[in-house]
Amino acid sequence: MQEQLSYNLKEHLNSDKLKIALKVNTHVRKKMAEILRSEDFIEIPPVIFSTVTDPLNHPVHDPSFVYEGTSYSLTKSMIFHKQMLVQSIPKIFTFSPNVRLETGDKQSSGRHLLEFTQLDLEVKGASREDVMRIGERLVSETIEYLKEIMPDDLKKLGRTLRTPQTPFKVFKFLEARDQYGENFEQILSEKEKDPFWIIDIPLKEREFYDRESDTERGILRDMDLMYPEGFNEAISGGEREFELSRIKERIVAKGQTFEQFKWFLQFAEQGLELSAGFGIGIERFVRYVCGFKRIEDVHPFPKIPGKFSI
Ligand code: AMP
Ligand code: MG
């Protein structure tokens with residue numbers, strides 16, 4: 001990899017595009033946090049590194065280091081920390097900085113950064129549908145708010161945004177794939193005019209912690225929110241496996257080890273209750289609001305898959 005930036009840093013930092021995107025970012029964080037606080041969510045501090053982090057269901061390089069004899073990973077998501085803490089504090093959220101060293105083939109997607117922030121939340125005793133309603137509120141009320149407070153900026157970007165009506169449309173994963181083929185997510189994202197859900201994702205597509213349906217084996221109680229206009233995925237989430245035997249079965253089925261998740265499993269042995277939650281990528285939301293082709297335009301110091309970054 002050549003040690004050269006693929007863009008002019010001074011021009012980028014001084015661009016109207018970036019300035020507007022950062023203003024959107026500021027107001028997105030404020031509005032979404034306000035909505036959650038109004039629903040009695042408690043904001044928790046982010047975890048930057050840990051002995052246990054999200055295994056993810058796609059390959060990434062592993063940013064880990066050894067400190068005084070213990071190996072730690074940079075946080076890929078706070079899934080396990082959320083699931084442990086929500087047992088005591090029933091509604092939590094955090095702006096979680098995640099590091100995912102995505103492979104170079106993600107460069108062309110326009111929606112992957114190596115370093116990004118998700119607004120990550122979890123609710124004890126909640127169903128998938130309960131947290132879908134929260135996701136809809138966050139997305140539609142924040143869009144409405146941005147249209148109200150920064151119409152001139154959006155106009156400068158040539159961006160007209162619809163405020164989506166709730167509840168959003170729902171597609172079942174397998175039905176959508178049968179109808180539109182392997183690339184159904186992108187096809188639907190380009191076809192639809194408003195954000196929409198994809199639910200009931202098959203087990204092999206996701207991680208071990210997504211709860212399997214009690215009535216439909218092999219189908220998960222989870223969901224993705226998709227943006228329209230081809231902007232693709234906004235949110236992933238769902239209900240969590242909370243029974244120790246099922247958690248262990250799923251880890252084994254994935255070919256993972258108990259050692260990898262030791263601290264989480266020790267906690268789970270003391271009993272977990274059902275929770276559900278999701279993460280919404282902040283940079284992706286800002287990109288959608290601004291209507292940018294590429295996610296790096298919303299970040300002052302973007303880390304782009306497969307490219308040199310400072
Ligand atoms: P996941 O649970 O892995 O789907 O991640 C939760 C959310 O974080 C996704 O729905 C995206 O909005 C966002 N996200 C995930 N990976 C990236 C990435 N590499 N760059 C930017 N945002 C991401
Ligand atoms: Mg996802």
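## Two sheets and a bound ligand

Strand E12 (residues 232-239) and strand E13 (residues 275-281) run antiparallel to each other and are joined over 5 bridges. Keep in mind as you read that this is a predicted model.

Let us look at this pair residue by residue. Gly 238 has Gly 277 as its bridge partner in E13, and Gly 237 has Phe 278 as its bridge partner in E13. In general, strands of a sheet pair through backbone hydrogen bonds, and the pairing can be parallel or antiparallel.

Which strand pairs with E12 over 6 bridges? That is strand E11 (residues 222-227), and the pairing is antiparallel. Here Met 223 has Gly 237 of E12 as its bridge partner. Gly 237 therefore turns up twice: its partner in E13 is Phe 278, and it is also the partner of Met 223. E11 and E12 form a hairpin with 4 residues between the strands, where Glu 229 takes a positive phi near 60°. As for cover, 6 of the 8 residues of E12 are buried, so you can think of this strand as mostly covered.

Now step back to the whole sheet. Its 8 strands follow the order E1-E6-E8-E13-E12-E11-E10-E9, and this open sheet has mixed pairing. Strand E1 (42-43) and strand E9 (169-172) are at the edges; each has a single partner strand, so one side of each has no neighbour in the sheet.

### The second sheet

There is also an open sheet of 3 strands, in the order E2-E5-E4, and its pairing is antiparallel. Its edges are strand E2 (49-50) and E4, each with a single partner strand, so one side of each is left without a neighbour in the sheet. E4 and strand E5 (residues 70-74) run antiparallel and are joined by 4 bridges.

Two residues of this pair are good ones to find on screen. Phe 65 is part of strand E4 (residues 64-67), and Tyr 72 of E5 stands opposite Phe 65. Is Tyr 72 buried or exposed? Its relative accessibility is 18%, and because buried means under 20%, Tyr 72 counts as buried. Phe 65 has a relative accessibility of 33% and so counts as partly exposed. Phe 65 also helps to make a nonpolar surface patch of about 400 Å², together with Ile 48, Phe 49 and Tyr 67.

Tyr 72 also lets you compare distance along the chain with distance in space. Tyr 72 and Gly 125 are 53 residues apart in sequence, and their C-alpha atoms are 31 Å apart.

### Around ligand 1

What surrounds ligand 1? There are 14 residues around it, and the closest are Arg 100, Glu 102, Leu 113, Glu 233 and Ala 234. The table lists some contacts made by oxygen atoms of ligand 1.

| Residue | Part of the residue | Distance to an oxygen atom of ligand 1 |
|---|---|---|
| Arg 100 | N or O atom in the side chain | 2.7 Å |
| Ser 236 | polar side-chain atom | 2.8 Å |
| Gly 281 | polar backbone atom | 3.1 Å |

On its own, ligand 1 has 480 Å² of accessible area, and the protein covers 90% of that.

Some of these residues link back to the strands you have already met. E12 spans residues 232-239, and Glu 233 and Ala 234 are among the residues closest to ligand 1. E13 spans residues 275-281, and a polar backbone atom of Gly 281 lies 3.1 Å from an oxygen atom of ligand 1.

Methods: Residues are numbered from 1 along each chain as its sequence is written. Chains are lettered from A and ligands numbered from 1 in the order in which they are written. This is a predicted model: local features need pLDDT of at least 70, side-chain atom pairs count only at pLDDT 80 or more; totals for chains, interfaces and linings use all residues. Side-chain values use heavy atoms; hydrogens and water are left out. Patches are made of residues with over 30% relative accessible area and no salt bridge: like charges are joined within 9 Å, nonpolar side chains (Val, Leu, Ile, Met, Phe, Trp, Tyr) within 5 Å. Accessible areas come from the Shrake-Rupley method with a 1.4 Å probe; for residues, only the protein chains shown count as cover. A salt bridge is a side-chain nitrogen of Lys or Arg within 4 Å of a carboxyl oxygen of Asp or Glu. Helices (H or I, at least four residues) and strands (E, at least two) are DSSP runs, numbered from the N terminus. Buried means under 20% relative accessible area, exposed over 50%, partly exposed in between (1.4 Å probe, protein chains only). A residue is near a molecule or strand if one of its heavy atoms lies within 4 Å of it. A polar contact is a pair of N or O atoms within 3.5 Å; within protein, one must be able to donate a hydrogen and the other to accept it, and residues adjacent in sequence count only if both atoms are side-chain atoms. Two strands pair if DSSP finds at least two bridges between them.
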